[in-house]
Amino acid sequence: MKKSIIALLCLVLVFAAPMVVLAADTGATEGVQASPEFYAKANFEVLKGKKIGITIQSLQNAYWAGVMTALREILDAAGANATIVACNDSSATQIGQIENFVSAGCDLIMVHPSDANAVEDACAEARKYGIKVMCWDDPMKNTDANWILNNTDLGRAIGDITADFINAHFSAEKKAEVILIGYPQTVILLERENGIRESLEKKAAGKYEIVGNPAGIEANLAQTAVETLLQRFPDVKVIAGIGAGAMIGADEALQIHTGGKIPEDMGVFTTDVTKQQLGQLADPTYPAKGIIGFEGSDEDTGRACASMFALILSDQVGAKNVFRGVAPITPETVDKIIAGMK
């Protein structure tokens, strides 16, 4: 039974929408483009019996909680021995976790760094012991492979769907009041924010005005920030943001603000893919109108990540940097993604 599950995982890499691969501008200029065909090279039999250590920034984030749940199930089915821990955004904690993985004799370590520069030496030390190292999100030096996005272009993609909405509902005479939710404390999230700004200015110039730019990576903070701004700017109709928390919080604030009577010209646009976001996107009493997703559902992303592990362990990646693809999720396509969420 387990063997048949592994075979199925190896062969089936289903993505809910065509992926658009983003070119690099985050310090990495060369690499390979991820695609269903790229991941299909992975043989999950390689994972059987392997000890894999995974350290991420936080499991409190809904996106990471869902993806890590899916990834664990896939690794368990493949016969891998995986340990998943969160550093709670502490580099010191994360360095200690990497050192523990080395002491435990892991075959592969995946790090989603709180601070990529801070963990370079720990990753270099792991590689001295023959341990494969993968970074999720940053083009690190002391790794065997980096699984990364161009966050400026991801921001541009969010900005594109936001600008399309503004162009459809607003004009120079009737400008959209926009709230842009960012998180400048994190470099990659600032890159996303800047990408959103760039796209809005390029595609919807003269038709909008940004009336607020709060920081809001967590949903409760984003909701509070939007509620505060709505007291000053009650006519805000469009909100763009850098992650799941921005959409969830903004949706709740606007839902309360309108009493659930969402006008046609009100929309919220962000990235990440969580069950709550998708539920709001499917519910017309919320203003969510579009998400720029990655591989698809939690299961799709977990499967792609496990494929990366198998490719790295079998020396089949072919390049230091692997650029992930993105695709828009709309109310018309959301049901397919919901089916694969954890």
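Let's start at alanine 306, which lies in helix 11, residues 298-313. Please keep in mind that this is a predicted model. Is alanine 306 buried or exposed? At 0% relative accessibility, alanine 306 counts as buried. Leaving out residues up to four places away in sequence, alanine 306 touches Phe44, Leu47, Leu71, Ile74 and Leu75. Alanine 327, by contrast, is 21 residues further along the chain, and the two C-alpha atoms are separated by 20 Å.

Next door in the sequence is cysteine 305, and that brings me to the cysteines. How many disulfides are there? The count comes to zero. For cysteine 305, the nearest cysteine sulfur is that of cysteine 135, 11 Å away, and cysteine 305 is in no disulfide. Cysteine 305 also counts as buried, because its relative accessibility is 0%. Then there is cysteine 106. Why does cysteine 106 have no bond to cysteine 123? The sulfur of cysteine 123 is the closest one to it, but at 12 Å that is too far for a bond, given that a disulfide needs the two sulfurs within 2.5 Å. Cysteine 106 is buried as well, with a relative accessibility of 6%.

Cysteine 123 turns up again in a helix pair, so let's go there. Two packed helices are described by the angle between their axes and the distance between the axes. Here the pair is helix 4, residues 91-103, and helix 5, residues 116-128. Their axes come within 9 Å and cross at roughly 5 degrees. Angles under 35 degrees count as roughly parallel, and helix 4 and helix 5 are therefore roughly parallel to each other. Which residues make the contact? From helix 4 we have Ser91, Gln94, Ile95, Ile98 and Val102, and from helix 5 we have Ala118, Val119, Ala122, Cys123 and Ala126. Sorted by type, that contact holds eight nonpolar residues, two polar and no charged.

Now over to helix 10, residues 275-282. Its buried residues are Gln277, Leu278, Gln280 and Leu281. Looking down the axis of helix 10, those buried residues fall within an arc of 160 degrees, so they line one face of the helix. As a reminder, an α-helix has 3.6 residues a turn, so residues three or four places apart point the same way. What covers the buried residues of helix 10? The cover includes helix 9 (244-258), helix 12 (334-338), and three strands: strand 11 (267-271), strand 12 (288-293) and strand 14 (325-329).

Let me pick out leucine 281 from helix 10. At 4% relative accessibility, leucine 281 counts as buried. Setting aside neighbours within four places in sequence, leucine 281 is in contact with Ala288, Lys289, Gly290, Ile291, Ile329, Thr330, Pro331 and Val334. Glutamine 231 is 50 residues from leucine 281 in sequence, and their C-alpha atoms are 25 Å apart.

I'll finish with two aspartates and their backbone angles. Most residues other than glycine have a negative phi, and most peptide bonds are trans. Aspartate 89, however, has a positive phi, near 60 degrees. Aspartate 89 is in the loop between strand 4 (81-86) and helix 4, and with 48% relative accessibility it counts as partly exposed. Aspartate 315 also has a positive phi, near 55 degrees. Where is aspartate 315? Aspartate 315 lies in the loop between helix 11 and strand 13 (321-323). Aspartate 315 counts as exposed, at 58% relative accessibility.

Key. Residues numbered from 1 in each chain as written. Predicted model: local features only at pLDDT ≥ 70, side-chain atom pairs only at ≥ 80, totals over all residues. Heavy atoms only, no water. Buried < 20%, exposed > 50% of the residue type's maximum accessible area, 1.4 Å probe, protein only. Helix = DSSP H or I, 4+ residues; strand = E, 2+ residues; numbered from the N terminus. Arc of directions from axis to C-beta. Contact = heavy atoms within 4.5 Å. Axes fitted to C-alpha atoms, helices over the stretch in contact; angles between N-to-C directions. Parallel < 35°, antiparallel > 145°, perpendicular 65-115°, else oblique. Nonpolar A, V, L, I, M, F, W, Y, C, P; charged D, E, K, R; others polar.
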